[in-house]
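Reader: I'm new to this one. Can you walk me through the backbone oddities?
Author: Sure. Here it is.

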Amino acid sequence: MTPGLLQKTTQAIKALATRTIETDCDRLPFRFERVPPAKLLNWLLVETLIHARSVRPGGMPTHLQVEPCNLCNLRCALCPVTEGLGVPSGFMDFGLFQTLIDQVSDYVLLLLLWEWGEPFIHPRIYDMIAYAAGKGIRVISSTNGHRFADPRHADGVVRSGLDTLIFALDGISQETYERYRQGGKLTTVLEGIREVVARKRALGARTPRINLRFIVMQYNEHEIPRLQPLAESLGVDIVTLKTLYPGHTCDPAKDAENPFIPRDPAYRRFRYSAEGVRLRAQPNACKHLWNAPSVRWDGKVCSCGFDIHQTEALGDLNTASIREIWFGEAYQNLRRRFREDWEAMPICSRCSYAWLGGNCARETVHEAIPS
């Protein structure tokens with residue numbers, strides 16, 4: 001038995017014996033206790049077939065990414081929203097969201113409530129969180145933080161039942177912060193973090209866990225030593241240092257010329273040859289086609305967030321159920337193509353998983369530090 005198989009087997013036995021699943025997302029630990037038998041069995045089957053490199057999925061999705069909207073109040077450098085998504089913009093219909101959650105609540109463990117855009121400008125975002133949480137799904141979301149300086153939003157997110165909130169703070173001076181978060185104001189984000197922390201304390205709430213997220217770039221890497229004291233003064237729960245994806249329209253052969261990539265190799269996402277060329281990953285470790293679909297604001301279902309322009313949309317929740325789409329011919333053909341030759345697939349060949357060091361499961365977050 002290989003070490004990987006032994007670890008998986010041990011994990012499965014422990015999960016069955018305790019009805020507890022332990023996993024992580026962006027190096028944030030998640031512990032799911034008293035998991036209903038059907039959800040536990042689904043997770044075991046999905047993970048087993050992924051490990052066996054099966055073409056077909058073992059069950060329904062165990063994770064789900066949902067895009068509340070693809071609009072944003074900032075114009076961040078390298079972001080596809082700024083560069084142009086090439087698709088219509090809008091807000092997800094709340095009824096459509098409810099229908100989707102009803103269809104997956106017996107299976108999904110974790111809902112990632114963001115994709116392209118700022119999720120907290122959706123007018124019913126707290127209703128969306130509360131609905132999913134009420135169905136037994138843990139919810140994690142990410143924000144640029146500008147909404148939470150308003151106490152009403154700080155109160156709303158604490159009361160919603162959100163499990164984890166990532167505040168993207170990619171600079172601790174306005175000069176460095178605005179290089180990437182264009183149109184953003186650092187003092188507004190810091191005020192928003194303080195408001196959420198204060199509201200948690202006032203309500204005696206344990207959630208949301210607050211993750212101060214710092215994408216390391218060439219012009220802010222010198223600020224890393226000052227990040228931990230800042231986090232402690234704000235009262236956040238954890239600090240994560242995230243590596244940078246150089247940009248969806250950037251040429252992988254020109255990473256050395258990219259002014260955003262850190263000088264310190266420890267904080268670079270990818271591994272390079274002596275000539276500075278990205279090294280391909282073999283095999284590709286991506287699991288999304290077997291456990292985590294991406295649902296866009298308009299109900300289109302995609303394989304993952306890297307299908308920015310929805311060039312391979314696999315179905316539409318306005319006309320079919322997630323089960324019909326998940327087990328449908330389009331999804332199955334995509335899984336087969338991936339197993340046969342993922343490098344021939346335009347989306348997968350440019351994805352973060354395609355390169356050594358770019359495994360989104362762990363390596364994209366360089367470090368997680370309890371605050």
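Author: One thing up front: this is a predicted model.

Reader: Okay. Is the peptide bond from Thr-207 to Pro-208 cis or trans?
Author: That bond is cis. Its omega is near 0 degrees.

Reader: And where does Pro-208 sit?
Author: In a loop. Helix H8 (186–203) and strand E7 (209–215) are on either side of that loop.

Reader: What about the bond from Gln-282 to Pro-283?
Author: That peptide bond is cis, with omega near -5 degrees.

Reader: Which elements flank the loop of Pro-283?
Author: Strand E8 (238–242) and helix H10 (288–291). Pro-283 lies in the loop between them.

Reader: New topic: phi. What is the value for Arg-34?
Author: Near 50 degrees. That is a positive phi in a residue other than glycine.

Reader: Where is Arg-34?
Author: In the loop that links strand E2 (28–32) and helix H2 (37–51).

Reader: Buried or exposed?
Author: Arg-34 is exposed. Its relative accessible area is 64%, and the cut-off for exposed is over 50%.

Reader: Now Arg-53. What is its phi?
Author: Near 60 degrees, a positive value, and Arg-53 is not glycine either.

Reader: Which loop holds Arg-53?
Author: The one between H2 and strand E3 (63–66). H2 also borders the loop of Arg-34.

Reader: Why is Arg-53 called partly exposed?
Author: Because its relative accessible area is 41%, and partly exposed falls between under 20% and over 50%.

How values were computed. Residues are numbered from 1 along each chain as its sequence is written. This is a predicted model: local features need pLDDT of at least 70, side-chain atom pairs count only at pLDDT 80 or more; totals for chains, interfaces and linings use all residues. Side-chain values use heavy atoms; hydrogens and water are left out. Helices (H or I, at least four residues) and strands (E, at least two) are DSSP runs, numbered from the N terminus. Buried means under 20% relative accessible area, exposed over 50%, partly exposed in between (1.4 Å probe, protein chains only).
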